[in-house]
Amino acid sequence: MEENKYKKLTAELAEKNVQLVAVSKYQSDEAVIQLYNYGQRIFGENKVQDLVAKQARFPNDIAWHMIGHLQSNKVKYIAPFIAMIHSVDNLKLLQEINKQAAKHNRIIPCMLQVHIASEETKFGFSSEEIIQAAEFIQNNSLPYIEIVGLMGMASNTIDKAQIDSEFAALHTLFTKLKTAYFSSQSSFRELSMGMSSDYEIAIKNGSTFVRLGSILFK
Ligand SMILES: *Cc1c(COP(=O)(O)O)cnc(C)c1O
């Protein structure tokens with residue numbers, strides 16, 4: 001993406017209080033550094049191995065976000081540096097993040113991923129499971145984790161009305177959980193939803209983090 005287009009996009013997002021996660025998976029180092037030089041500081045990856053390698057070789061003022069499915073046994077590799085984990089989809093994982101964060105005396109901001117798409121393949125808590133997860137979080141001490149909100153991926157479809165209703169449902173769930181379980185936590189305020197093909201619909205539905213890959217790097 002040319003610099004003027006990047007500046008225009010980020011100005012529009014900033015005006016709406018939406019943060020941009022630049023999804024750098026599949027991209028060359030040159031392309032990542034170009035965005036960095038435009039001023040981009042939040043980058044997202046969906047694999048632990050790539051996060052570890054990129055964190056080591058890119059400038060250390062980058063905030064690295066984990067956006068993909070995370071296995072509990074790999075948390076230890078990213079715990080020293082990860083700035084945010086968008087994709088917490090089970091409680092065992094949450095407890096492991098707490099344990100590994102403790103070793104580095106860090107508090108890791110996490111989002112709970114909710115399954116909102118019609119496809120079977122996407123990870124995340126169901127809308128019933130997320131209630132149990134919220135209750136678990138309320139009743140257990142996880143001092144090295146800060147639950148900052150919810151993440152979701154809409155169905156991979158060209159049906160904009162369906163995407164719109166999936167994002168709207170996630171926003172409704174967010175509001176419900178905030179009221180019922182997180183009302184005393186001002187940090188529970190983020191909704192990570194929207195990719196290159198659907199970020200405008202996501203923003204209309206209250207997204208605070210869009211995760212953009214292909215559109216930024218073309
Ligand atoms: C790859 C990926 C994105 C970015 O997708 P684009 O369509 O390239 O914008 C966003 N979120 C997750 C979880 C991803 O894996």
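Contact here means heavy atoms within 4.5 Å. The structure in these views is a predicted model.

**View 1. Met-1 is tucked in at the start of the chain.**
Met-1 sits in the segment before helix H1, which spans 3-15. Is Met-1 buried or exposed? Its relative accessible area is 19%. Buried means under 20%, so Met-1 counts as buried. Setting aside residues up to four places away in sequence, Met-1 touches eight partners by name: Tyr-6, Leu-9, Gln-34, Tyr-38, Ile-215, Leu-216, Phe-217 and Lys-218. For scale, take Arg-41. Met-1 and Arg-41 are 40 residues apart in sequence. In space, their C-alpha atoms are 16 Å apart.

**View 2. The largest nonpolar core has 66 residues.**
Which residues have the most contacts inside this core? They are Ile-85, Ile-97, Leu-150 and Leu-216. Helix H7, residues 160-180, gives the most to the core. Its share is 6 residues. A second core of 7 residues is separate. Val-21, Met-111, Met-151 and Phe-209 are among its members.

**View 3. Ile-97 and its contacts.**
Look at Ile-97, one of the residues with the most contacts inside the largest core. Leave aside its neighbours within four places in sequence. What does Ile-97 then contact? The list starts with Leu-70 and Val-75. Ile-85 and Val-88 are in contact with Ile-97 too. Ile-108, Cys-110 and Ile-145 complete the set. Ile-85, a partner of Ile-97, is also among the residues with the most contacts inside the core.

**View 4. Helices H6 and H7 cross.**
Helix H6 covers residues 127-139. The axes of H6 and H7 come within 11 Å. They cross at roughly 30°. Angles under 35 degrees count as roughly parallel, so H6 and H7 are roughly parallel to each other. The crossing of H6 past H7 is right-handed. Which residues make the contact? From H6 come Ile-130, Ile-131, Ala-134 and Gln-138. From H7 come Leu-173, Lys-176, Leu-177 and Ala-180. By type, the residues of this contact are 6 nonpolar, 1 polar and 1 charged.

**View 5. Leu-173 is a buried residue of helix H7.**
Leu-173 belongs to helix H7. Its relative accessible area is 10%. Buried means under 20%, so Leu-173 is buried. Beyond residues up to four places away in sequence, Leu-173 touches Val-114, Ile-130 and Leu-150. Ile-130 is part of H6's side of the contact between the two helices. How many residues separate Leu-173 and Ile-130 in sequence? They are 43 residues apart, and their C-alpha atoms are 9.2 Å apart in space.

**View 6. Lys-54 is a buried lysine in helix H3.**
Helix H3 runs over residues 48-57, and Lys-54 lies in it. Lys-54 has a relative accessible area of 7%. The limit for buried is under 20%, so Lys-54 is buried. What does Lys-54 touch, not counting residues up to four places away in sequence? Its partners are Ser-24, Lys-25, Gln-27, Glu-45 and Trp-64. Now compare positions with Val-148. Lys-54 and Val-148 are 94 residues apart in sequence. Their C-alpha atoms are 25 Å apart in space.

**View 7. Tyr-26 and Asn-105 have positive phi angles.**
Most residues other than glycine have a negative phi. Tyr-26 is not a glycine, yet its phi is positive, about 70°. Where is Tyr-26? It lies in the loop between strand E1 (19-23) and helix H2 (29-38). Its relative accessibility is 71%, so Tyr-26 counts as exposed. Asn-105 is not a glycine either, and its phi is positive, about 50°. Asn-105 is in the loop between helix H5 (91-103) and strand E5 (108-114). At 64% relative accessibility, Asn-105 is exposed.

**View 8. Asn-17 is exposed in a loop.**
The loop that holds Asn-17 lies between H1 and E1. Asn-17 has a relative accessible area of 62%. Exposed means over 50%, so Asn-17 is exposed. Asn-17 and Leu-91 are 74 residues apart in sequence. From C-alpha to C-alpha, they are 30 Å apart in space.

Key. Residues are numbered from 1 along each chain as its sequence is written. This is a predicted model: local features need pLDDT of at least 70, side-chain atom pairs count only at pLDDT 80 or more; totals for chains, interfaces and linings use all residues. Side-chain values use heavy atoms; hydrogens and water are left out. A nonpolar core is a set of buried Ala, Val, Leu, Ile, Met, Phe, Trp, Tyr and Cys residues joined through side-chain atoms within 4.5 Å. Buried means under 20% relative accessible area, exposed over 50%, partly exposed in between (1.4 Å probe, protein chains only). Helices (H or I, at least four residues) and strands (E, at least two) are DSSP runs, numbered from the N terminus. Axes are lines fitted to C-alpha atoms, for helices over the stretch in contact, and angles run from 0 to 180 degrees between N-to-C directions. Angles under 35 degrees count as roughly parallel, over 145 as roughly antiparallel, 65 to 115 as roughly perpendicular and the rest as oblique. A crossing is left-handed if the near helix is turned anticlockwise from the far one by less than a right angle, and right-handed if clockwise. Ala, Val, Leu, Ile, Met, Phe, Trp, Tyr, Cys and Pro count as nonpolar, Asp, Glu, Lys and Arg as charged, and the others, Gly among them, as polar.
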